[in-house]
Amino acid sequence: MSKKLGFGLMRLPLKDENDAGNVDFEELNKMVDTFLERGFTYFDTAWMYCKFKSEEAVKACLVDRHPRDSFTLTTKLHHGFIKTKEDRDKIFNEQMRKTGVDYFDYYFIHDINSHSIEVYEELDCFNWLIQKKESGLVKHIGFSFHDGPELLDKVLSEHPEFEVVQLQINYLDWNSAGVQSRKCYEVACKHNKPVIVMEPVKGGTLAQIPEAMENKMKAYHPDASIPSWAIRFAASLDNVKLVLSGMSNMDQLLDNTSYMQDFVPLNEDEYKLIDEAVEAINANITVPCTGCSYCTEGCPMNINIPKYFSLYNADLQEVETKGWTPQGEYYANLTKTFGKASDCIQCGQCEGVCPQHLTIIDYLQDVASHFEG
């Protein structure tokens, strides 16, 4: 797996844009063939992607049409679909049937967070996965992760058997107080675990940046697409093994493979332009919180106000066409440790100490309405 681009199979070409399970197999065949022809080998799927059709698409477009040793395949076990220990093998065996393989190159525990880890521990999924590797049904084991650096450190300390970690990393989330991409990446580095990146373009959000910033990037690199800056940002990190891109049409695949075939890391000038892009995007944020945390010290309900505002801002920046976004999950994870936004008793302590003089109480009501529904 020498090339740093992977084919994420969560957003596939569709015959009906309103039906995520109606995959355009003819178009996907062409995309898979081109991806392999250009020297890329890594494909990433999961049990519930594309209305549970993604793994079947893997069989039809990849496994049945190409030699097994010509590609690398990853799939995952998700906590939402297992209630008993027997369910683990039921899903695994069905995944082998659906994909048509007799082993997986990588198999991940899907989306470890402060809620899901209870399920994985109760059903002994970590030892179960080790056994799958020992039996030869899985070559390498890892997990995907949507939570904070403290939990990631705990998981990697307690489970050194994991070989790789899949993290959400992009230049907008890199220093986000809510997502904390950089801090999670640093934890993985500390434990010497290579990182596979998901959401490098934030589900398309970083393909549509403010026009003035887009013009600057185009002036510097006339032939480079705007999404390429985001993917190259993630791929330029030393400990990143691979960057996944959910490519839903041939144009996206041709673009991504063109600059990732002979990948060149970002230079100093490019990093400066990306810093400008972050500033330009964040200039339009809904809640102008600077994250000083003065408000949290005396909060009687222990509400993590800055992190909630960061997640709220990030979620409102997402493109409407994306569908599922991760910020709600990060919010739910935080509420296990901190009070919810809706727990606010409107005492005003936070507003009294806020150096930005924000109407925090009103904003917390917006956050509660947005994430708690």
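This is a short tutorial dialogue on reading the strands, helices and single residues of a predicted model.

User: Before we start, what should I know about the model and the numbering?

Analyst: It's a predicted model, where local features need pLDDT of at least 70, side-chain atom pairs count only at pLDDT 80 or more, and totals for chains, interfaces and linings use all residues. Residues are numbered from 1 along each chain as its sequence is written, and side-chain values use heavy atoms, with hydrogens and water left out.

User: How do I read the sheet, and in what order do the strands close into a barrel?

Analyst: Strands of a sheet pair through backbone hydrogen bonds, either parallel or antiparallel. Here eight strands close into a barrel in the order S1-S2-S3-S4-S5-S6-S7-S8, and the pairing is parallel. From one strand to the next, the twist averages 30°. Helices (H or I, at least four residues) and strands (E, at least two) are DSSP runs, numbered from the N terminus. Two strands pair if DSSP finds at least two bridges between them.

User: Let's zoom in on S6. Over how many bridges do S5 and S6 pair?

Analyst: Strand S5 (residues 138–145) pairs with S6 in the parallel sense over four bridges, and Gly142 has Val164 in S6 as its bridge partner. On the other pairing, S6 (residues 164–168) and S7 (residues 195–198) are also parallel, over four bridges. There, Gln166 stands opposite Ile196 and Gln168 has Met198 as its bridge partner. Carrying on, S7 and S8 pair in the parallel sense over three bridges, with Leu242 in S8 as the bridge partner of Ile196.

User: Which way do the side chains of S6 and S7 point?

Analyst: In a regular strand the side chains alternate between the two faces of the sheet. In S6, Val164, Gln166 and Gln168 point one way and Val165 and Leu167 the other. In S7, Val195 and Val197 go one way, Ile196 and Met198 the other, and all are buried. S6 is mostly covered too, with five of its five residues buried. Buried means under 20% relative accessible area, exposed over 50%, and partly exposed in between (1.4 Å probe, protein chains only).

User: How are the strands linked, and what is the handedness of the units around S6?

Analyst: A crossover is right-handed if, with the strands pointing away from the viewer, the path from the first strand over the helix to the second runs clockwise. S5, helix H7 (residues 149–158) and S6 make a right-handed β-α-β unit. S6, helix H8 (residues 181–190) and S7 make a right-handed one as well.

User: And how do I read helix packing? At what angle do H9 and H12 pack?

Analyst: Two packed helices are described by the angle between their axes and the distance between the axes. Axes are lines fitted to C-alpha atoms, for helices over the stretch in contact, and angles run from 0 to 180 degrees between N-to-C directions. Helix H9 (residues 211–220) and H12 pack at about 170°, with axes 10 Å apart. That makes H9 roughly antiparallel to H12 (angles under 35 degrees count as roughly parallel, over 145 as roughly antiparallel, 65 to 115 as roughly perpendicular and the rest as oblique). Among the residues making the contact are Met213 and Tyr220 of H9 and Leu273 and Ala280 of H12; contact means heavy atoms within 4.5 Å.

User: What about H1 and H11, parallel or antiparallel?

Analyst: H1 and helix H11 (residues 250–260) pack at about 5°, again with axes 10 Å apart, so H1 is roughly parallel to H11. Glu27, Lys30, Met31, Thr34 and Phe35 in H1 meet Met250, Leu253, Leu254 and Thr257 in H11.

User: Last one: how do I read a single residue, say Ala314 or Asn304? Buried or exposed?

Analyst: Check where the residue sits, its accessibility and its contacts. Ala314 is found in helix H13 (residues 305–317) and counts as buried because its relative accessibility is 7%. Not counting residues up to four places away in sequence, Ala314 touches Lys202 and Gln327. The C-alpha atoms of Ala314 and Ser176 are separated by 8.5 Å, with the two residues 138 apart along the chain. Asn304 lies in the loop between helix H12 (268–282) and H13, and at 10% relative accessibility Asn304 counts as buried too. Leaving aside neighbours within four places in sequence, Asn304 is in contact with Thr296, Phe338 and Gly339.
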